[in-house]
Amino acid sequence: MNEAVATAAPAGSAAPAWGAVFSMALGVFGLVTAEFLPASLLTPMAADLGVTEGLAGQAVTATAAIGLLASLLIPAATRGLDRRVVLLGFSGLLVASNLLAAVASSLPVLIAARLVLGVALGGFWAMSTATVMRLVPEAAIPRALSMVFGGVSAATVAAAPLGSFLGDQLGWRAVFLMAAGLGLAAFLAQYATLPRMAASATTRLGTLVLVLRRPRVGAGMVAVLMVFTGHFAVFTYVRPFLETVTGVGIQGVSAILLGFGLANFLGTGLAGPAIARNLKAVLVAMPALMVVLGLVLVLAGGTVFGDAVMLALWGMAFGAVPVAWSTWLTRAAPDEAESGGGLIVAAIQLAIATGAAAGGVIFDLNGAPGVFLAATLVLAAAALLILTRVRIGPRAGVRQAGVEQAGVRQAGI
């Protein structure tokens with residue numbers, strides 16, 4: 001019965017499996033929360049482990065680096081396995097990584113924990129869009145994807161402010177233990193709701209290259225890399241910026257990060273109608289707005305109210321970015337959603353690794369304002385690339401994607 005739901009729903013002949021979609025959103029919430037906890041716990045983690053904040057920031061780099069490899073390799077490596085089993089395995093790794101981080105006694109142990117998280121993150125994200133497309137009828141795919149990205153927004157709202165506040169009250173290790181509990185909740189929800197889903201494609205490593213060579217895909221992936229690099233360079237080092245430039249304490253940091261998260265949630269909600277009207281405009285406008293905000297923070301930052309407003313607007317702008325690029329993917333490669341998902345996740349993870357690593361070097365040399373300035377330059381280049389080189393596929397790709405991903409394709413690459 002469950003297997004029938006998994007294969008029949010996209011064809012429009014069965015009710016959508018909303019419980020399973022919610023469990024996917026909960027998994028995304030747990031993964032994104034765990035991935036970015038170091039951004040809100042950077043200062044106490046560095047002090048406890050006896051390293052600089054720039055080195056501690058490499059915990060984000062480690063997760064992103066292995067996440068990049070996992071997003072590329074896992075779809076092909078697991079092509080013969082039931083997707084339910086694979087996704088449950090990733091949620092189990094999420095629990096294990098947070099437990100290991102909570103007991104880490106040195107930076108190498110913490111990095112090892114974050115590598116485990118990277119495997120879960122890259123694999124889960126690479127399969128998420130294609131999986132959701134199999135859980136609901138064609139007409140419900142946009143709503144289902146919005147639910148999953150709602151998990152990202154919810155994590156943005158909760159992870160940074162709660163992480164910094166609870167880390168100050170209970171210690172950063174206790175926060176990672178709580179993240180492990182969240183991962184366990186996601187595992188149990190997925191175990192109860194995800195149907196059996198046999199692999200519906202013959203994904204191989206060569207498929208990734210062929211998809212990347214498609215006319216609309218290559219430039220888009222470069223643009224994704226640049227936009228996310230600029231954002232995560234800023235986000236990883238936002239707490240040191242607030243402490244050293246804005247001059248706020250832990251309560252001020254938590255409040256500003258909460259505003260950032262709430263604005264991000266709002267941006268995700270507003271993205272759908274805007275994307276429906278003009279996807280290209282959204283793809284260009286969001287990084288362009290972030291450039292303006294970054295320059296204001298660097299050149300005129302230092303006041304609590306002003307910096308809080310600028311960062312909230314940044315969060316709102318970025319809230320539309322993942323939704324917009326996910327929509328672009330369904331148009332650019334609707335017949336290879338899993339391979340295309342792996343490529344876009346790989347680009348994002350490379351961006352996170354690049355932003356955190358380069359940001360750490362710049363931070364140790366020139367402080368947080370230097371990081372923010374470098375990020376704005378990358379975002380400006382990204383907006384120009386999107387405007388001149390990125391092409392938007394036909395809307396029909398969205399309508400066809402559910403059927404094709406259900407296995408109607410007659411020939412895989």
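A cavity here is a set of grid points where a 1.4 Å probe fits but cannot get out. With that in hand, a search of the whole structure, which is a predicted model, turns up three cavities of 30 Å³ or more.

The largest cavity holds about 530 Å³ of space. Its lining runs to 33 residues, and the ones nearest the centre are W125, V152, F228, P322 and I348. Quite a few helices chip in: α2, α6 (107–135), α7, α10 (217–236), α12 (250–277), α14 (304–332) and α15 each give two or more residues to the lining of this cavity. Sorted by class, the lining of the largest cavity comes out at 21 nonpolar residues, eleven polar and one charged.

Next come the pockets, which, unlike cavities, are open sets of points. The second largest pocket contains about 170 Å³ of space. Three helices each put at least two residues into its lining, namely α2 (18–49), α7 (141–170) and α8 (172–193). Of these, α7 gives the most, with five residues. Going through the lining of this pocket by name, one finds F29, T33 and L37, then A158, A159, L162, G163 and L166, and finally V175, M178, A179 and L182. Charged residues are missing from this lining altogether; ten of its residues are nonpolar and two are polar.

Two of the helices around that pocket, α2 and α8, also pack against each other. Their axes come within 9 Å and cross at roughly 170 degrees. Angles over 145 degrees count as roughly antiparallel, so α2 and α8 are roughly antiparallel to each other. The contact of α2 with α8 is made up of 16 nonpolar residues, seven polar and two charged.

That leaves the nonpolar cores. The largest one has 114 residues, and L135, F228, W325 and W328 are those with the most contacts inside it. Helix α15 (residues 337–389) supplies the largest share of this core, at 18 residues. A second core, separate from the first, has 15 residues, among them M45, A101, A102 and W172. F228 turns up twice in this account: it is one of the residues with the most contacts inside the largest core, and it is also among those nearest the centre of the largest cavity.

Terms used. Residues numbered from 1 in each chain as written. Predicted model: local features only at pLDDT ≥ 70, side-chain atom pairs only at ≥ 80, totals over all residues. Heavy atoms only, no water. 1 Å grid on protein atoms, 1.4 Å probe; cavity = no way out; pocket = protein on both sides within 12 Å on 5 of 7 lines; lining within 4 Å. Points joined across faces, edges and corners; volume = space filled by probe spheres on them. Helix = DSSP H or I, 4+ residues; strand = E, 2+ residues; numbered from the N terminus. Nonpolar A, V, L, I, M, F, W, Y, C, P; charged D, E, K, R; others polar. Core = buried A, V, L, I, M, F, W, Y, C linked by side-chain atoms within 4.5 Å. Buried < 20%, exposed > 50% of the residue type's maximum accessible area, 1.4 Å probe, protein only. Axes fitted to C-alpha atoms, helices over the stretch in contact; angles between N-to-C directions. Parallel < 35°, antiparallel > 145°, perpendicular 65-115°, else oblique.
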